[in-house]
Amino acid sequence: MPLYHNDDQAMLKDSVAPFVAEQAPVSHLRKLRDSADATGFSRDLWAQFTEMGLPGMLVPEAHGGLGMGHMEAGIVLEEIGRNLTPSPFLATSVGAVAALAKAGGTQAGRWLPAIAGGEAIIALAIDEGAKHRPERIATTATRSGNGFRLDGKKSFVLHGHVADMSIVAAKTDGGITLFAVPKDAKGLTADPRRLVDSSLASHVTLDGVEVDADAVIGEVDAGGEILDALLAATRTGAAAEMVGVGQGAMDMTVNYLKERKQFGKLIGEFQGLQHRAAHLYGEMEVARATVMKAQQLLDEGSEGAKLMVSVAKAKAGRAANLAVREGVQMHGGIGMTDEYDIGLYMKRDRALAEYMGDVHYHIDQVARMNGY
Amino acid sequence: MSELDAFRTEVREWLEANCPAEMREPIRDEDDVCWGGRNFKFKNAAQKAWLDACVAKGYTVPDWPKPYGGAGLTPEQTKILKQEMKRIKARSPLDSFGIWMLGPALLQFGTEEQKVHYLNPIARGEIRWCQGYSEPGSGSDLVSLQTFGEDKGDHWVVNGSKIWTSYADKADWIFCLVRTDKTNKYQGITFMLFDMESKGVTTKPILLISGNSPFCETFFDDVEVPKTQYVGEINRGWDVAKYLLGHEREMISGGGAGGDMLSIGGAFAKAFGKNEAGELDDPILRAEMAAFDVDVFAYRAMGERFMDMWKTGRAHPASSNMMKYVGTELNKRRHELVMSGGGSEALEWDSEETKGGARARGWLRTKANSIEGGTSEVMLNVIAKRILDLPGA
Ligand SMILES: Cc1cc2nc3c(=O)[nH]c(=O)nc-3n(C[C@H](O)[C@H](O)[C@H](O)COP(=O)(O)OP(=O)(O)OC[C@H]3O[C@@H](n4cnc5c(N)ncnc54)[C@H](O)[C@@H]3O)c2cc1C
Ligand SMILES: Cc1cc2nc3c(=O)[nH]c(=O)nc-3n(C[C@H](O)[C@H](O)[C@H](O)COP(=O)(O)OP(=O)(O)OC[C@H]3O[C@@H](n4cnc5c(N)ncnc54)[C@H](O)[C@@H]3O)c2cc1C
């Protein structure tokens, strides 16, 4: 497969890009932020997403979805990134769907159609500290009656306070097990915190939460593989969103260079700025190609996908970070104002950079996968 | 089985039968590279057998049309052939400026007669070419070149000098930019081809910091060039030159992907030793190498995307400048790490164990990557102007 969008994918982009830009431009984020919105995203917008079939893009057709791939989901995520659109798409439609589809069984049958129908928001309760360390999950699930009892604390759970279901990763006797914990489970509390990018993420406490045996996603002790699928999808998705954030910031900046005059010239005429902008362009193009490669390998079910996913998350992280830093700097003083959008890009980049492993985490993974 | 799968199977079988085991070993030194040409001496029988087999099949230039020595493969088929050659770590059967640079320009601008006449010997590795662009006063500002061809009716008489002419002393022919109209800067240059054995052509080697000297100053003293030996139109050679530079960049930027070395950290962990946790035993170097590996894997993806887009006409014409910039800066970083990882051993200049100081010399050689074929600064200028459309650039 060639590494560019085929005709169908290009068509998808042609319909999604204007839709997101019109319905959820950066002003949409500002409105939610300035009204201290307690949900963290717009339900109306999610209903519009649903009309277009987007929440179920990755859901298999047998479960009422479109059965598309990561390449297609990436197209939506890039536009979400470019417009800084607050949305449950990444966690629900990419991460949760990847896990449920991989696991199959009761929970897949219960939740996948609901996701495709736009009825269910899903949270991913994986991390337990300030840094992403899925290797060190301490939350426990102990057998109790016909089911399990969950105890532990989770952090950085996007949409945790409004999710209809949370996918909770916990330690069981023989490994990791994933559980579908419904919103109203007793002992489950979600304490939402507003983050630097105005999104809401929760500290989740599981205090003796009782779930039935059929809450297990997949098989007991065999959640490692499902978690891997969830992580690979979410990391690749976050990388695609970061490409959108970086591209949005870069476009704004390049346009500004063509408008702003100082010393009697457009600042874009100064070679000092031209070279930095051109360097940034190169980094963004490489990051985009890398994310597409990861999407392609995931869609092919290739063995090389895991390595490329970490490469993509690291590379997109570096490139988008460069884009927002250069963006603020090249805007000069105005880039520091709340009124101007470029600062919002810097904030979103920081949140996405931490999500599911930062640059350093993934560089370290690449070293490990290469035997050093 | 799809047609492409069938082609892959066919290629696999052909490679198995035709690529000698010696040609699947990593390149160790310059002698392992097959440059072809009138005076080329093959290192061994395997090198010659591999070239002959590829020539017969059109695989030295797989995507060129058959009448010009190619195999007439589609972009998809060419990609498969490359993947399969890479899979068995096959060496390139023929390295040649004729293939990388002149060939594509002739395919684009040459007459039918010129194509048949010049491309076939290139594909067969019979004529080795060198590039006469730069002059002592005209490097980045190439269009200021002064070498002059005086119109003598059926031929020109060329006088002037070129610099940095790679392998001028080994080349059979030169493709050369010559001013034919002094009144018009851009539209006064003609793209000429001539034999390096022509009367009045002399070369003088330039010793580089790597201690090697494949580069030359080249002098033209009343060299007669027949009026049949130019490409494109008279005085419009700049168009040909620019097109060719795009391909030159494509070739030079390939170094960024790092050839056979998959992971620099993986390669060094073996030599360097690991700590109890199984990590390279220098945490800072480990981190730098891993960050570099990320960039290399990423650049490979970019290389694949660039080729897919370039071959199907989807790439921005100036994207080769971006590839050149990113790739060459990456390759320089690789060799800095190779030197760091090698420690004092990598400093040795001519010992046998270090194959004549291969690492140190290789490291120094890469510093030219961001100069030859247009400097990094000039690449950034072009991106700013042609892709980002910045003012006044
Ligand atoms: C938080 C804050 C507090 C401040 N406090 C004060 C204060 O108390 N009093 C006061 O008077 N001012 C104050 N300033 C203003 C400050 O001095 C200006 O923001 C600064 O001089 C830059 O000017 P500018 O914002 O107009 O950016 P611009 O001059 O428009 O610059 C935009 C971009 O172009 C680049 N650029 C401009 N010219 C060139 C060139 N020739 N070559 C290369 N690049 C160029 C800049 O480096 C920048 O990246 C403050 C600014 C901030 C952000
Ligand atoms: C190993 C090697 C092999 C080569 N092989 C060949 C060959 O086979 N045939 C051939 O014709 N040529 C060849 N070259 C020549 C090569 O193309 C030139 O060296 C190159 O174009 C740079 O020109 P210059 O050396 O004159 O540097 P200059 O143009 O003098 O540049 C000096 C410095 O100024 C910077 N600079 C110049 N202009 C600008 C600008 N507008 N903006 C910002 N910075 C600028 C440059 O980036 C550089 O850092 C080779 C060079 C090397 C080193």
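## The site of ligand 2

Ligand 2 is surrounded by residues from chains A and B, so the two chains share this site. The structure described here is a predicted model. The shell around ligand 2 holds 20 residues, and the closest are B:Ser134, B:Ser140, B:Trp164, B:Thr375 and B:Glu377. By class, this shell consists of six nonpolar, 11 polar and three charged residues.

Several polar atoms of chain B approach the ligand. An oxygen atom of ligand 2 lies 2.8 Å from a backbone N or O atom of B:Tyr133, and a nitrogen atom of ligand 2 lies 2.9 Å from a polar backbone atom of B:Trp164. B:Glu377 takes part through its side chain, a polar atom of which is 2.7 Å from an oxygen atom of ligand 2. Of the 980 Å² of accessible area that ligand 2 has on its own, the protein covers 69%. In chain B, β1 (129-132), β3 (155-166) and α11 each give two or more residues to the shell. The element that gives the most is β3(B), with four residues.

## The interface of chains A and B

How many residues of each chain are in contact at the interface? The contact involves 43 residues of chain B and 41 residues of chain A. Together the two chains bury about 3,400 Å², and 65% of this area is on carbon and sulfur atoms.

Four salt bridges are counted between chain B and chain A. One of the salt bridges joins B:Glu279 to A:Arg368, with the closest N and O atoms 2.8 Å apart. In addition, 19 residue pairs are in polar contact across the interface, with both residues at pLDDT 80 or more. On the side of chain B that touches chain A, at least two residues come from each of α7 (264-272), α8 (283-311), α9 (319-342) and α11 (376-387). The largest share of that side, 17 residues, is supplied by α8(B). Its residues divide by class into 24 nonpolar, seven polar and 12 charged for the whole side of chain B that touches chain A.

## The site of ligand 1

Around ligand 1 lie residues of chain A, including A:Arg260, A:Phe263, A:Ile267, A:Phe270 and A:Met336. The shell comprises six nonpolar residues, four polar residues and one charged residue.

Oxygen atoms of ligand 1 approach polar atoms of the protein. One such distance is 3.2 Å, to an N or O atom in the side chain of A:Gln262. Polar backbone atoms of A:Gln329 and A:Gly333 lie 2.8 Å and 2.6 Å from an oxygen atom of ligand 1, respectively. The protein covers 41% of the 970 Å² of accessible area that ligand 1 has on its own.

Terms used:
Residues are numbered from 1 along each chain as its sequence is written. Chains are lettered from A and ligands numbered from 1 in the order in which they are written. This is a predicted model: local features need pLDDT of at least 70, side-chain atom pairs count only at pLDDT 80 or more; totals for chains, interfaces and linings use all residues. Side-chain values use heavy atoms; hydrogens and water are left out. A residue is near a molecule or strand if one of its heavy atoms lies within 4 Å of it. A polar contact is a pair of N or O atoms within 3.5 Å; within protein, one must be able to donate a hydrogen and the other to accept it, and residues adjacent in sequence count only if both atoms are side-chain atoms. Accessible areas come from the Shrake-Rupley method with a 1.4 Å probe; for residues, only the protein chains shown count as cover. Ala, Val, Leu, Ile, Met, Phe, Trp, Tyr, Cys and Pro count as nonpolar, Asp, Glu, Lys and Arg as charged, and the others, Gly among them, as polar. Contact means heavy atoms within 4.5 Å. Buried area is the accessible area (1.4 Å probe) that two parts lose on being put together, summed over both. A salt bridge is a side-chain nitrogen of Lys or Arg within 4 Å of a carboxyl oxygen of Asp or Glu.
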